[in-house]
Structures are given as structure tokens and as C-alpha cells.
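User: Can you walk me through a few of the labels attached to this one? I'd like to see what sits behind each of them.

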Amino acid sequence: MTNYILKKTSDKGTGVFATRDIRKNELIFQVNLNKFIKYTPEQLEQAVRENPELNGDHSNYAGWGKYVIEETPAAYMNHSCDPNCYFKMKSISVYSVYSLRNIKRGEELTHDYTACSIDQFDGNETWVLDCNCGSENCRGKVTGDFFKMPKQWQVKYYQYLPPSIRRKYRNKFKFRSKN
Ligand SMILES: [Zn+2]
């Protein structure tokens, strides 16, 4: 039995919607990116160019410099700066989608794209999207760099990053030791 359905939205393409009431911190579904073909950024660009059926908007980082075209429900989740879901990451490529708060049946499931965007692009350039999520705390611009999020969001989402990443970047998270 699933907790969600994919549905077209009026303004944001396809979205993912709850098919029942979901309690805070419930597991909604799991994702394993290792089952998809892995590409370097150059290979990915070429593959998308040559195969119109591949959806480049669904590219996702799978670790070790490689990207995949992710055909999972997660790839259809829209961003919100005030999301109702989070990704608990076992590794960069294996994660579980959990509810961040109670969700009503019929509500769209959203997550913060930046919260799970880490260790990509060798820390150099990254993607930037204009955000019109409409939430009170909308950041206006959403980037693919975890460390560009406001501190309070970094603190909130840090615990859900993969253990290997938390070890790798622990010096960047010094602010946590003040708590
Ligand atoms: Zn926003």
C-alpha cells in the first residue's frame, strides 16, 4: 500500500500527493539511486541530448562524481522552503522520505531541495532556482549548496545527512558545538 500518488499540478508540473493522513516522522517511501545508470556530468549532458525520453530535470547526484536520471516518486516532489517532508540519507544514493510534520490526505508532499544537496560539483558552481513556493519563509532563490542555506536550516537538516558526509564536513558544522 502506498501513501502517495503522482498528480499534475496547475502550475508546477507533476507533484506527489498524500493519499491518506500521515503522521509526523512516518516513513513514506525509500529510494535507491544505485539501480539507475550512472553518468559523469559530461555523459549525463550527452545522454539527455541524445535521448529525448530522458528527463534532465530528474538528474540527481549519486555520489563519487556521478549523476543519475532518477525515476522515483522523489524526483517528482516539488521544492518548498517550508516543506512537509525530509530526506533521511543513509548515503548520497540511498535515502528515505519521512514526514516532517502531520500531513493531511490530499496535501502535496514537498521537501527542501537544498537540504539534501551536498558534496556536489566539487564545491564550485552549483544550480540556482527561483523559488515561488509561497511559504512565509521563502528564500526566493534555492541553490544546490547545503552551506548556502540559512544557519537555522542547516542546523535543522544536518542530522539527516549521510553519516559519511557529517564526518567529512564536521569542521563546517562547528556552530553545532555551541548548543
Ligand atoms: Zn520558497
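Analyst: Sure. Keep in mind that this is a predicted model. A place to begin: in β8, Val94 is the bridge partner of Asn32.

User: How do you know that β3 and β8 count as a pair?

Analyst: Pairing takes at least two bridges between the strands. Five bridges join β3 to β8 (residues 94-99), so the two strands pair under that cut-off. They run antiparallel.

User: What is the strand order of the open sheet?

Analyst: The order is β3-β8-β7, three strands with antiparallel pairing.

User: And why is one side of β3 and of β7 left without a neighbour in the sheet?

Analyst: Because β3 (27-32) and β7 (85-89) stand at the edges, and each has a single partner strand. On average, neighbouring strands here are turned by 25° against each other, ignoring direction.

User: Why is Asn25 called exposed?

Analyst: The cut-off for exposed is 12 or fewer other C-beta atoms within 10 Å. Asn25 has 12, so Asn25 counts as exposed. Asn25 is placed in the loop between β2 (14-18) and β3.

User: What makes the phi of Asn25 worth a remark?

Analyst: Most residues other than glycine have a negative phi. Asn25 is not a glycine, yet its phi is positive, about 65°.

User: Where does Trp64 lie, and is Trp64 buried or exposed?

Analyst: Trp64 lies in the loop between β4 (59-63) and β5 (66-69). With 9 other C-beta atoms within 10 Å, Trp64 meets the cut-off of 12 or fewer, so the label is exposed. Trp64 also has a positive phi, about 55°, although it is not a glycine.

Key: Residues numbered from 1 in each chain as written. Predicted model: local features only at pLDDT ≥ 70, side-chain atom pairs only at ≥ 80, totals over all residues. Helix = DSSP H or I, 4+ residues; strand = E, 2+ residues; numbered from the N terminus. Axes fitted to C-alpha atoms, helices over the stretch in contact; angles between N-to-C directions. Buried ≥ 20, exposed ≤ 12 C-beta atoms within 10 Å, placed from the backbone.
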